[in-house]
Amino acid sequence: MKNRDLNILHNFNVLYLEDDDSLLKHTTDVLEDFINHIYTAKTSKEALDILLNKKIDVIISDILLKDENGIDFLKHIKSKNINIPTILTTAHTDTNYLLDAIKLKVENYIVKPINIKELLNSLHDVLLPIIQEKEIRKNNNVIKTISAITDSKQVEIVKFIINSLDNENLFVASYTDIMENFSISKPTLIKLFKDLAEKNILVKIQHKTYRFNEKSLNDN
């Protein structure tokens, strides 16, 4: 298999649950160079607090923790409808754990000592489908947004808006910023934003900041 493009990891946040201080620090130090942010926890309680308060894209969890079990933690969060891709790590190859992981539809299972290259490749394989799905949604959103407005000449602006969205679906730019990149008059641009606002597709949050309301596309 060809080398994976690990640059795709840069936009994602990881929750790492591990009670071994040395391993926690070492793995965290390495992963920090590849991902957006890594949140660490030594207990399932700490991990749950992070899940409830931070945006987490993937979980890395040890199976055997002090006085608790990573499998039980995953069962608990799934019971709360928290479904986040998970990579399990363990120093044990007990078949029962593997069967439990399969039942929970865990994305991967890595035996300690952790091979960093294997972990990074696993993160890539877990997150790539998310990126691909997002790209498909972007393309669908372009089509749906175009059908929601009347002037097809504004297609490039719509593409620009959607491709510039951050992970929170926010678009930040002024009319001047857009006009510097595209040959479009200010009245035409204002009309486009007004049309999108009236259809609740682009909601102004504050000065130069708009939220793309994907759900509204299904209503237009």
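1. Helix α6 is the main contributor to the lining of the largest cavity, giving three residues. The model under review is predicted, and the remarks below apply to it as such. The residues around this cavity are Thr145, Val158, Ile161, Ile162, Leu196, Ile201, Leu202 and Phe212. Sorted by class, seven of them are nonpolar and one is polar, with no charged residue in the lining. The volume of the largest cavity is about 30 Å³, and a search of the whole structure returns one cavity of 30 Å³ or more.

2. Lys138 deserves a separate comment. This residue belongs to helix α5. Its relative accessibility is 14%, which falls under the 20% limit, and Lys138 therefore counts as buried. When residues up to four places away in sequence are set aside, Lys138 touches Ile162 and Asn163. Ile162 also appears among the residues that line the largest cavity.

3. Concerning the division into domains, domain 1 covers residues 7-136 and domain 2 covers residues 150-217. Taken over C-alpha atoms, the centres of domain 1 and domain 2 are 36 Å apart.

4. The largest pocket has a volume of about 580 Å³. Both domains take part in its lining, with at least three residues drawn from each of domain 1 (7-136) and domain 2 (150-217). Helix α5 (residues 116-148) supplies the largest share of that lining, eight residues. In total 21 residues line the largest pocket, and those nearest its centre are Phe12, Ile130, Lys134, Arg137 and Asn167. By class, the lining holds ten charged, six nonpolar and five polar residues. The lining of the largest cavity, by contrast, has no charged residues.

5. The aromatic residues form a further topic. Five aromatic pairs are found in a search of the whole structure. One of them joins Phe160 and Phe171: the ring centres are 6.0 Å apart and the planes stand at 85°, so the arrangement is edge-to-face. This pair links distant parts of the chain, since Phe160 is placed in helix α6 (residues 155-163) and Phe171 in strand β8 (residues 170-172), eleven residues apart. As to accessibility, Phe171 is buried, with a relative accessible area of 1%, whereas Phe160 is partly exposed at 24%.

6. Phe160 also pairs with Phe182, again edge-to-face, with 5.2 Å from centre to centre and 70° between the planes. Phe182 lies in the loop between α7 (175-181) and α8 (186-198) while Phe160 lies in helix α6, so this pair ties together parts that are 22 residues apart in sequence. Phe182 has a relative accessibility of 21% and, because the limit for a buried residue is under 20%, counts as partly exposed.

7. Which residues make up the aromatic cluster that includes Phe160? Phe160, Phe171, Tyr175, Phe182, Phe193 and Tyr210 form one cluster. Helix α6, which holds Phe160, is thus to be noted on two counts: the Phe160 pairs with Phe171 and Phe182, and the three residues given to the lining of the largest cavity.

Definitions and conventions
Residues are numbered from 1 along each chain as its sequence is written. This is a predicted model: local features need pLDDT of at least 70, side-chain atom pairs count only at pLDDT 80 or more; totals for chains, interfaces and linings use all residues. Side-chain values use heavy atoms; hydrogens and water are left out. Rings of Phe, Tyr and Trp (its six-membered ring) pair if their centres lie within 6.5 Å; planes under 30 degrees apart count as stacked, over 60 as edge-to-face and the rest as tilted. Helices (H or I, at least four residues) and strands (E, at least two) are DSSP runs, numbered from the N terminus. Buried means under 20% relative accessible area, exposed over 50%, partly exposed in between (1.4 Å probe, protein chains only). On a 1 Å grid over the protein atoms alone, a cavity is a set of points where a 1.4 Å probe fits but cannot get out, and a pocket is an open set with protein on both sides within 12 Å along at least five of seven lines; lining residues have an atom within 4 Å of a point. Grid points are joined across faces, edges and corners, and a volume is the space filled by probe spheres set on the points. Ala, Val, Leu, Ile, Met, Phe, Trp, Tyr, Cys and Pro count as nonpolar, Asp, Glu, Lys and Arg as charged, and the others, Gly among them, as polar. Domain bounds come from an automatic or database domain assignment. Contact means heavy atoms within 4.5 Å.
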